[in-house]
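Please look through the sequence and the model below. The report that follows takes up a few of its features in turn.

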Amino acid sequence: MPGKSVPVHELGLTPRVEEGPYYKTGSMQRTNIVGPGTPGKKLVLEGRVFDRTGKPVPGAWLDFWHADGRGNYDNEGFNLRGHQYADRNGRYRLETVRPVEYLFRSPHIHVKVRANEKAPILTTQLFFPGENSNTTDPIFNGGAVVNVTETADGGQKATFDFVVDVG
Ligand SMILES: [Fe+2]
């Protein structure tokens with residue numbers, strides 16, 4: 001029967017979370033965003049970028065920024081700020097430090113993701129499981145929580161897959 005084709009299964013988009021006051025354009029392209037002397041426990045964040053049909057998005061742009069292990073942002077320079085492009089399988093990998101809470105905010109990593117130049121930019125924040133402050137931070141979003149495992153070197157590995165509009 002002719003008619004509009006409807007995908008059998010569509011993934012839910014990664015939720016949007018507000019940008020906050022500390023975004024800066026012009027970050028360097030790099031996967032390790034940790035400058036010398038940055039306080040904080042080692043953290044690797046990795047995952048993939050998918051479209052709503054579950055297809056990887058090669059070359060997706062990801063721009064990260066977040067607070068250090070004392071809850072401070074670098075607003076003068078670009079420490080703990082950086083952008084990268086997903087590889088041909090839609091994979092990204094960020095080497096950083098674990099942000100901690102500040103003011104009323106639970107620990108989070110800000111990120112903007114864009115599938116391609118015609119697609120809308122997804123602005124969101126990634127949160128960490130098991131933080132008491134998740135229950136009191138009004139910006140917390142349970143749809144944007146990473147999985148965390150402890151690593152042998154005393155650091156943490158976090159994983160998160162994005163689902164974005166491809167325009
Ligand atoms: Fe923030």
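F162 touches T14, R48, V49, F50, L62, Y92, V111, V113, L122, T124 and L126, with residues up to four places away in sequence not counted, where contact means heavy atoms within 4.5 Å. This is a predicted model, in which local features need pLDDT of at least 70 and side-chain atom pairs count only at pLDDT 80 or more, while totals for chains, interfaces and linings use all residues. Residues are numbered from 1 along each chain as its sequence is written, and side-chain values use heavy atoms, with hydrogens and water left out.

F162 is also one of the residues with the most contacts inside the largest nonpolar core, together with L45, V49 and L126, and this core has 30 residues. A nonpolar core is a set of buried Ala, Val, Leu, Ile, Met, Phe, Trp, Tyr and Cys residues joined through side-chain atoms within 4.5 Å; buried means under 20% relative accessible area, exposed over 50%, and partly exposed in between, with a 1.4 Å probe and protein chains only. At least two residues of the core come from each of strand 1 (42–50), strand 2 (61–66), strand 4 (91–97), strand 5 (108–114) and strand 6 (122–127), strands being DSSP runs (E, at least two residues) numbered from the N terminus.

An open sheet of four strands has the order 3-2-5-6 with antiparallel pairing, and two strands pair if DSSP finds at least two bridges between them. Strand 3 and strand 6 stand at the edges with a single partner strand each, so one side of each is left without a neighbour in the sheet. Strand 2 and strand 3 run antiparallel and are joined by five bridges, and W61 has Y85 in strand 3 as its bridge partner.

The iron ion is coordinated at 1.9 to 2.2 Å by Y73 (OH), Y102 (OH), H108 (NE2) and H110 (NE2); donors are N, O and S atoms within 2.8 Å of the metal (3.2 Å for Na, K and Ca), and since water is not among the atoms, sites may look incomplete. Of these donor residues, Y102 counts as buried because its relative accessibility is 14%, and H108 counts as buried at 1%.

Most residues other than glycine have a negative phi. Two leucines with a positive phi are set out here.

| Residue | Phi | Loop | Relative accessibility |
|---|---|---|---|
| L80 | about 60° | between strand 2 and strand 3 (81–85) | 2%, buried |
| L103 | about 45° | between strand 4 and strand 5 | 78%, exposed |
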